[in-house]
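Reader: I work at the bench and don't spend much time staring at models. Could you pick one part of this one, look at it closely, and tell me in plain language how the rest fits around it?

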Amino acid sequence: MNEINNNPLQNNSENFTIKAKSPEESSAEVIVRMFPSDANPAGNVFGGEILKHIDMVAGIVAQRHSQSNAVTVSMDSVNFIKPVFVGNVLKLNARINYVHNSSMEIEVRAEAEDIVTGIKTVTGTAFVTFVTLDKNGKPSHTPKLLLKNDEDRKKFEEGKIRMEGRLKHRKKSNT
Ligand SMILES: CC(C)(COP(=O)(O)OP(=O)(O)OC[C@H]1O[C@@H](n2cnc3c(N)ncnc32)[C@H](O)[C@@H]1OP(=O)(O)O)[C@@H](O)C(=O)NCCC(=O)NCCS
C-alpha cells in the first residue's frame, strides 16, 4: 500500500514552483518568557536554552522562505553579549540574508526585556545556515531572494562572503 504523506513541508517542490521572496516576507519574531527551569541557580539563563530559541526562529524563516522542510547545517558567530535572567522576556528577530543553491543564511538577534523596568538589552547574535530538503531528505533548490533595498543588497553581499568562509572551513575540517 502506498503511504500518503500529509505533511505539506515534506510534500513540496514536485508539484509547484516556489516564487522568489524578499527577506521581509519570511522574517520572524518570537517572544518567550524565561523561567527558573531555563537557568542556573544564580538565575542566568543557559546559553543552550537561548540557542534552542535561535534555532527555532531561524527555522521559521527558512521554512517560510523555502515553503519546504529545511534543516540546520551550521551555527556560527554565536555571541552571548549580555546575560539573560529568569523573568526576562526574550525577543528573537530573524531574517534571511543570503541564498545559494540549497543553502541559506539566517541572521538572528536576541533582545532581553526586564518587564519591571522596561529596559531592553541586545543579548545575543548568531548566523544559522539551513538547507532546503526535498521529500526524500535530499538537498533541493532554495528559492531566490528578491533584494528590495540597499540593506538587503548589503546583507546579501556580506552573507555571501561569510558563506564562502564557512565552506572553506568545512573543507578544512573534513580533510
Ligand atoms: C543537510 C544535509 C542533508 C546536507 O547533506 P550534504 O551531504 O552535506 O549535502 P551537500 O554537501 O550537497 O551540501 C548541501 C548544501 O549545504 C551546504 N552545507 C553543508 N554543510 C555546511 C556547513 N557546515 N556550513 C554551511 N553550509 C553547509 C553546502 O554548501 C550545500 O549548499 P548549496 O547547495 O547552497 O551549494 C546533511 O548535512 C544532514 O542531513 N545534516 C543533518 C541536518 C540536521 O539534522 N540538522 C539538525 C541538527 S542535528
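**Around the ligand, and outwards**

Author: Let's start at the ligand: β2 gives the largest share of the shell around it, four residues. The whole shell counts 14 residues, and the closest are S74, H100, N101, S102 and S103. β2 is joined by β5 and α3 (150-174) as the elements that give two or more residues to that shell. By class, you get seven polar, five nonpolar and two charged residues around the ligand.

Before going further, keep in mind that this is a predicted model. Confidence looks like this: the protein chain has a mean pLDDT of 92, with 90% of its residues at 70 or more. The stretch to leave aside is residues 1-6, where pLDDT stays under 50 and the model has three contacts beyond four places in sequence.

Now the wider setting. The protein chain has three helices and five strands, and from the N terminus on they run α-β-α-β-β-β-β-α. Its C-alpha trace spans about 50 × 45 × 40 Å along the principal axes. Of the 175 residues in the chain, 30% are buried. If you take the contacts with a separation of 6 or more, 75% of them are between residues 24 or more positions apart.

Back to β2, the strand with that largest share of the shell. S77 sits in this strand, and its backbone has a quirk: phi is positive, about 50 degrees, although S77 is not a glycine. Most residues other than glycine have a negative phi. S77 counts as exposed because it has 10 other C-beta atoms within 10 Å, and the cut-off for exposed is 12 or fewer.

Just ahead of β2 there is a similar case. Q67 lies in the loop between α2 and β2, and its phi, near 50 degrees, is again positive in a residue other than glycine. Q67 is partly exposed because 18 other C-beta atoms lie within 10 Å of its own, while a buried residue would need 20 or more.

Q67 follows α2, so what does that helix look like? α2 covers residues 47-66, which makes 20 residues, and reaches 28 Å from its first C-alpha to its last, close to the 28 Å expected at 1.5 Å a residue. Its buried residues are I50, H53, I54, V57, A58, V61, A62, H65 and S66. Read that list with the geometry of a helix in mind: with 3.6 residues a turn, residues three or four places apart point the same way. The cover over the buried residues of α2 includes α1 (23-26) along with the strands β1 (28-33), β2 (69-80), β3 (89-99), β4 (103-113) and β5 (120-133).

Next, the other end of β2. The loop between β2 and β3 holds G87. G87 counts as partly exposed because it has 17 C-beta neighbours inside 10 Å. Apart from its neighbours within four places in sequence, G87 touches M34 and I115. The C-alpha of G87 is also 9.7 Å from that of A112, with their positions 25 residues apart along the chain.

That brings us to the strands that come after. β3 and β4 pair antiparallel over ten bridges, and a hairpin of three residues joins them. Within this pairing, A94 stands opposite V108 in β4. On to the following pair: β4 and β5 also run antiparallel, joined by eleven bridges. Here A112, the partner in that distance from G87, stands opposite T121 in β5. The hairpin of β4 and β5 has six residues between the strands, among them G118, which takes a positive phi near 80 degrees.

β4 itself is mostly covered, with eight of its eleven residues buried. If you click along it, remember that side chains in a regular strand alternate between the two faces of the sheet. And β5 takes you back to the starting point, as one of the elements that give two or more residues to the shell around the ligand.

How values were computed: Residues are numbered from 1 along each chain as its sequence is written. The expected span of a helix is 1.5 Å times one less than its number of residues. Two residues are in contact if their C-beta atoms, placed from the backbone, lie within 7 Å. A residue is near a molecule or strand if its C-beta atom, placed from the backbone, lies within 6 Å of it. Ala, Val, Leu, Ile, Met, Phe, Trp, Tyr, Cys and Pro count as nonpolar, Asp, Glu, Lys and Arg as charged, and the others, Gly among them, as polar. Two strands pair if DSSP finds at least two bridges between them. pLDDT is the predictor's confidence in each residue, from 0 to 100.
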